[in-house]
Every structure is written in C-alpha cells, then in structure tokens.
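Take a look at the structure below. Then follow the text through it, step by step.

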Amino acid sequence: MAREQLGVFEAEVLRATMACGTDAYGLAISRAIEAETGRTVSVGAVYTVLDRLEQKGFVSSRWGEVTPTRGGRRKRLYIISARGQAALSPRVGSTQRPAEPAGAVPVGAR
Amino acid sequence: MEKVAKPSPGLEVRRNGRRFVFRDGKMTAAGPKSGWYEPGLSASEIKYREQLVAGALGVTADAIARDLKRSTVTRLEIIASNAAARIVAESEKRSPPKGAAGLVAFFAPVKVREQLLGDLEEAYFDNVKRIGPRAAKWSYRYQVAAAAVAFLGPRILAWSGVAAVLKRFGAS
C-alpha cells in the first residue's frame with residue numbers, strides 16, 4: 001500500500017500533537033507550533049488540519065474536561081495513532097536540519 | 001434613631017436572566033436559587049438593606065426619589081436592579097466580543113464548534129491578563145476571521161471550481 005502523503009502543515013500539526021502528549025487540543029497544538037516555528041498559527045487552521053488527519057486515521061480524539069476559563073466548553077483531546085507516527089517518522093527533524101547538497105560527503109567518511 | 005433589623009444572609013437579585021447576591025457589602029454572581037424578592041420582608045429590614053446597597057454603590061437619596069416618582073416599584077428593587085445592571089455591564093466589558101463568537105456558529109461545522117469556541121475563549125482570557133482587554137478583543141476577532149478563512153476557503157474554492165483547476169495543473 002502506498003504511504004499517504006503529509007503536507008508541511010499537516011506534519012507540523014502531527015509533530016506538535018505528539019509533543020503535547022496527553023494534553024493535545026487545538027490551542028495547545030497551535031502554541032506548540034508557534035514555539036517551534038515562530039509562526040503565528042490560527043486555532044481554526046489547526047482544527048481543519050486535525051479533522052483531515054482524523055479522517056486519514058493519523059490521530060484519534062476524545063472529549064476532555066470542562067474548565068472555567070473555557071466558558072463551560074469541553075476540550076477535544078487528540079492523540080497520535082501508530083499510523084500517524086509511521087507517517088511522521090521519516091520527517092522527524094527534517095525542518096530543523098537543512099538538506100545536504102547532492103554529492104556531499106558525510107563528516108568522518110574519509 | 002430607628003433601630004434596623006439584622007439582615008438575612010444575602011439579598012438575591014435577578015437581571016438579564018442572571019442571578020446575583022448582595023452579601024458583605026459586595027454584589028457577586030449567585031447560584032441557581034429562587035428569585036430575588038423575599039415575601040414578608042419587614043420594612044425595617046428593607047431599609048437596612050437599602051442603606052447597605054446604597055452605601056456600597058454610592059447611590060444618592062435624590063436619585064432614588066426621582067426613580068420612585070416615575071415608577072411604582074419599591075426603593076429596594078430600583079437600587080438592586082441598578083446594582084445588577086452595573087455588574088452585568090462590567091462582566092460584558094470583560095467577556096469576548098459576542099458578534100465574533102456568533103460568527104463562529106455561522107461558519108464552523110457543528111463537530112468543531114464547541115472546542116473552537118472554548119479554545120478562543122481560553123486564549124482570550126490569557127490575552128486579557130497579558131495584553132489587556134482591548135487588545136485581547138482584537139486578537140479574538142482576528143482569530144475568528146482566520147478560522148473563517150480556514151473553514152470557508154476550501155469550500156469556496158471547491159464550489160467555484162478553482163481547486164479542480166489547480167489540481168489539474170499540479171498545484172495543490
């Protein structure tokens with residue numbers, strides 16, 4: 001079976017979901033992306049991507065608890081699935097490390 | 001000087017569907033209890049409570065007299081109602097912009113509406129502490145606009161056929 005492709009933002013959201021652990025909800029994920037990339041991310045954009053990732057089976061979700069600061073509304077907590085981790089694994093660290101130029105010799109190979 | 005009776009634990013007031021209780025010189029939101037008017041309240045107790053509420057709010061006797069001429073409601077009702085109105089106004093000043101929150105219900109799918117509104121509200125109250133209520137309101141409106149673009153954008157593209165054209169030419 002061909003591996004499903006992940007967009008750049010989808011991969012960022014997936015990575016942030018993994019980083020947030022058991023408390024991964026829209027706002028926490030958007031803040032994690034902001035902390036990692038320095039880019040402001042809207043919560044709405046995060047939810048559209050999370051919805052797409054859930055349809056693909058990369059994440060699963062459940063209702064969380066109500067807190068007073070949320071006006072009595074529940075959180076939707078997301079957790080990355082094994083399939084999501086598999087989709088992400090070749091990409092981990094790809095945004096932090098620039099790609100090596102073609103034909104470059106790794107340090108210590110000579 | 002007339003001796004006033006000792007007040008009962010708290011005076012409940014209802015305003016705009018919300019309940020408030022006046023206790024220890026402060027008006028605060030009350031729990032889900034019965035209405036504010038207590039039948040059988042003695043005249044002296046009403047007067048004592050009036051003094052407490054008026055003292056806490058800085059209401060002048062003249063203002064109360066003017067209101068009484070225009071209306072048949074009791075003094076206590078006027079003062080308590082004004083106090084509750086002030087609290088409602090204060091709390092609305094601090095709450096997220098209602099129009100923007102209403103827009104979310106218009107464009108966001110039902111399955112993400114609750115968590116999206118909750119997240120926006122949580123971010124709003126964090127921002128109130130961090131950057132103040134005015135900037136927090138603008139940040140809230142910006143987040144709602146950005147969410148509208150995120151949710152409506154793909155639907156508009158699909159509807160207009162632009163997405164199909166882009167896909168055909170390899171741009172996703």
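How many residues in the lining of the largest pocket are nonpolar, how many polar and how many charged? The lining has nine nonpolar, five polar and six charged residues. Keep in mind that this is a predicted model.

Stay with the largest pocket for a moment. Its space comes to about 560 Å³. In total, 20 residues line this pocket. Nearest its centre lie A:Thr48, A:Val49, A:Arg52, B:Ala150 and B:Pro154. Names from chain A and chain B both appear in that list. Now look at the elements behind the lining. In chain A, H1 and helix H3 (43-56) each supply at least two residues. In chain B, H5 and helix H6 (133-160) each do so too. Which element gives the most to the lining? It is H3(A), with seven residues.

One residue from the pocket leads on to the charged pairs. A:Arg52 is among the residues nearest the pocket centre. A:Arg52 also belongs to a network of salt bridges, linked with A:Glu10 and A:Lys56. Over all chains, a search of the whole structure finds 11 salt bridges. Three pairs are worth a visit.

Start inside chain A. The side chains of A:Lys75 and A:Asp23 form a salt bridge, at 3.8 Å from N to O. A:Lys75 sits in strand E2 (residues 74-80), while A:Asp23 sits in the loop between helix H1 (8-20) and helix H2 (26-37), so the pair ties together parts 52 residues apart in sequence. Are the two partners buried or exposed? A residue counts as buried when its relative accessible area is under 20%. A:Lys75 has 7% relative accessibility, so it counts as buried. A:Asp23 has 36%, so it counts as partly exposed.

Next, cross between the chains. The side chains of A:Arg31 and B:Asp126 meet in a salt bridge of 2.9 Å, N to O. This pair runs from A:Arg31 in helix H2 of chain A to B:Asp126 in helix H5 (residues 110-131) of chain B. A:Arg31 is partly exposed, at a relative accessible area of 36%. B:Asp126 is partly exposed as well, at 27%.

Helix H5 of chain B takes part in another crossing. There, the side chains of B:Asp119 and A:Arg70 form a salt bridge, at 2.6 Å from N to O. B:Asp119 lies in helix H5 of chain B, and A:Arg70 lies in the loop between strand E1 (59-66) and E2 of chain A. Where does this pair stand on burial? B:Asp119 is buried, with a relative accessible area of 0%. A:Arg70 is buried too, at 0% relative accessibility.

Turn now to chain B as a whole. Its secondary structure comes to seven helices and three strands. Read from the N terminus, the elements run β-β-β-α-α-α-α-α-α-α. The chain has 172 residues, and buried residues make up 32% of them.

Which elements of chain B give two or more residues to the lining of the largest cavity? They are H5 and H6. A search of the whole structure finds one cavity of 30 Å³ or more. About 30 Å³ of space lies in the largest cavity. Its lining includes B:Leu120, B:Ala123, B:Tyr124 and B:Asn127. B:Ala136, B:Ser139, B:Tyr140 and B:Gln143 also line the cavity. By class, five of these residues are nonpolar, three are polar and none is charged. The pocket lining, by contrast, has six charged residues.

Chain B also has a nonpolar patch on its surface. B:Leu157, B:Val162 and B:Leu166 make this patch, which covers about 220 Å². B:Leu166 lies in helix H7 (residues 162-168) of chain B. B:Leu166 is partly exposed, with a relative accessible area of 38%.

Finish back in chain A, with one loop residue. A:Val41 lies in the loop between H2 and H3. Is A:Val41 buried or exposed? A:Val41 is buried, at a relative accessible area of 6%. A:Ile29 is 12 residues away from A:Val41 along the chain. The C-alpha atoms of these two residues are separated by 9.3 Å.

Note on methods: Residues numbered from 1 in each chain as written. Chains lettered and ligands numbered in written order. Predicted model: local features only at pLDDT ≥ 70, side-chain atom pairs only at ≥ 80, totals over all residues. Heavy atoms only, no water. Salt bridge = Lys/Arg side-chain N within 4 Å of Asp/Glu carboxyl O. Helix = DSSP H or I, 4+ residues; strand = E, 2+ residues; numbered from the N terminus. Buried < 20%, exposed > 50% of the residue type's maximum accessible area, 1.4 Å probe, protein only. 1 Å grid on protein atoms, 1.4 Å probe; cavity = no way out; pocket = protein on both sides within 12 Å on 5 of 7 lines; lining within 4 Å. Points joined across faces, edges and corners; volume = space filled by probe spheres on them. Nonpolar A, V, L, I, M, F, W, Y, C, P; charged D, E, K, R; others polar. Patch = residues over 30% accessible without salt bridge, like charges linked within 9 Å, V, L, I, M, F, W, Y side chains within 5 Å. Areas by Shrake-Rupley, 256 points an atom, 1.4 Å probe, with all protein chains shown as cover.
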